[in-house]
Amino acid sequence: MARSTLLLIALIPLFFAGCGRQNSATIKTDDQKISYGIGLNLGKSMKQQGLEVDAQAVAAGIADAQSGAKPKVAINEIESLMLAKQQQLMKDRLKADAAAASKNAADGEAFLKENEKKAGVKTTASGLQYKVEKEGKGKKPSATSTVTVNYRGTLIDGKEFDSSYKRNEPATFPVNGVIPGWTEGLQLMTEGSKYQFFIPAKLAYGEQGAGNGVIPPGATLVFEVELLKID
């Protein structure tokens, strides 16, 4: 199958998503409800990717495909336009991410600069900051250890993005299988300890961020970490 055809197939759902905008459509039967659900879900995906389409043109394309009518636009022209749109969206996304990463990095640097002045906060050679909330009496893990922890993660504005406490389920993982800030910080702890980690972006998720925007690019992260045991 030609590369252009694969691209067309990959992008078709994004363009079909515009059909969800036809708010006057009748939605009564099960098939109509299913069709609406497909459009609704794909519409959300389209919006997340920043793609704007003409809903009427989308509907015309679907109708012609189902009826077998001759396409109103040559397929090779559609493929070329789709490729150009994909490239432009990627360019715009990279530009927006770079701008966000730059701002978040500056905000994080300012936060860490003030934070290191606070009582009990220590800074390692890598730039990781930590504070001992409770010191345990057990042994320390190595980089190759597997540990079980409870934790809560927030951005520097206090917005929580993850918490094992809320799930009521501690997490178990290898020390060298997480972000660098965690790998370093965990090896400072003893079993039974509870620390705060203040992790700059370079020791976290960098300029890429994570979780489809949950952790923004260039974000400095704050974690409360309780080392329950070394497995």
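## Close-up views of a predicted model

**View A. Y36 in a surface patch.** Y36 is partly exposed, because its relative accessible area of 36% falls between the 20% limit for buried and the 50% limit for exposed residues. The model you are looking at is predicted. You can find Y36 in helix α2, which covers residues 30-48. Together with I27 and L40, Y36 makes up a nonpolar patch on the surface, and the three residues share about 240 Å² of accessible area.

**View B. The whole chain, before we zoom in again.** The protein has six helices and seven strands. Starting at the N terminus, their order is α-α-α-α-β-β-β-β-α-β-α-β-β. Of its 231 residues, 32% count as buried. The accessible surface adds up to about 14200 Å², and carbon and sulfur atoms own 54% of that area. Among contacts with a separation of 6 or more, 71% are between residues 24 or more positions apart.

**View C. Helix α3 and the residue that follows.** Helix α3 runs through residues 55-67. How far apart should the ends of its 13 residues be? At 1.5 Å a residue, the expected span is 18 Å, and the end C-alpha atoms are indeed 18 Å apart, so the two values agree. If you are wondering about the step count, the expected span uses one less than the number of residues. Within α3, the residues A55, V58 and D64 are buried. Just after the helix comes G68, which has a positive phi near 80°.

**View D. The largest nonpolar core.** In soluble globular proteins, nonpolar side chains tend to be buried together. Here, the largest nonpolar core holds 25 residues. V149, W182, L186, F197, I199, F223 and V225 have the most contacts inside this core. Two or more core residues come from each of β3 (146-155), β5 (171-174), α6 (180-186), β6 (194-199) and β7 (221-230). Strand β7 gives the largest share, with five residues.

**View E. The neighbours of F197.** Which residues does F197 touch, leaving aside those up to four places away in sequence? Follow the chain and you will meet L128, Q129 and Y130, then G185, L186 and M189, and finally L221, V222, F223 and V225.

**View F. A salt bridge between two strands.** Side chains of opposite charge can pair when their charged atoms come close. R152 and E224 form a salt bridge, with their closest N and O atoms 3.8 Å apart. This pair links distant parts of the chain, since R152 sits in strand β3 and E224 in strand β7, 72 residues apart. Both partners are partly exposed: R152 has a relative accessibility of 29%, and E224 has 24%.

**View G. More salt bridges to look for.** The whole structure contains nine salt bridges. One of them joins E160 to K166, whose closest N and O atoms are 3.0 Å apart. Is each partner buried or exposed? E160 counts as partly exposed at 27% relative accessibility, whereas K166 counts as exposed at 68%. R167 pairs with D162, and here the closest N and O atoms lie 2.5 Å apart. R167 is partly exposed at 42%, and D162 is partly exposed at 23%. Salt bridges with shared partners also tie R152, E160, K166 and E224 into one network.

Technical notes: Residues numbered from 1 in each chain as written. Predicted model: local features only at pLDDT ≥ 70, side-chain atom pairs only at ≥ 80, totals over all residues. Heavy atoms only, no water. Patch = residues over 30% accessible without salt bridge, like charges linked within 9 Å, V, L, I, M, F, W, Y side chains within 5 Å. Areas by Shrake-Rupley, 256 points an atom, 1.4 Å probe, with all protein chains shown as cover. Salt bridge = Lys/Arg side-chain N within 4 Å of Asp/Glu carboxyl O. Helix = DSSP H or I, 4+ residues; strand = E, 2+ residues; numbered from the N terminus. Buried < 20%, exposed > 50% of the residue type's maximum accessible area, 1.4 Å probe, protein only. Core = buried A, V, L, I, M, F, W, Y, C linked by side-chain atoms within 4.5 Å. Contact = heavy atoms within 4.5 Å.
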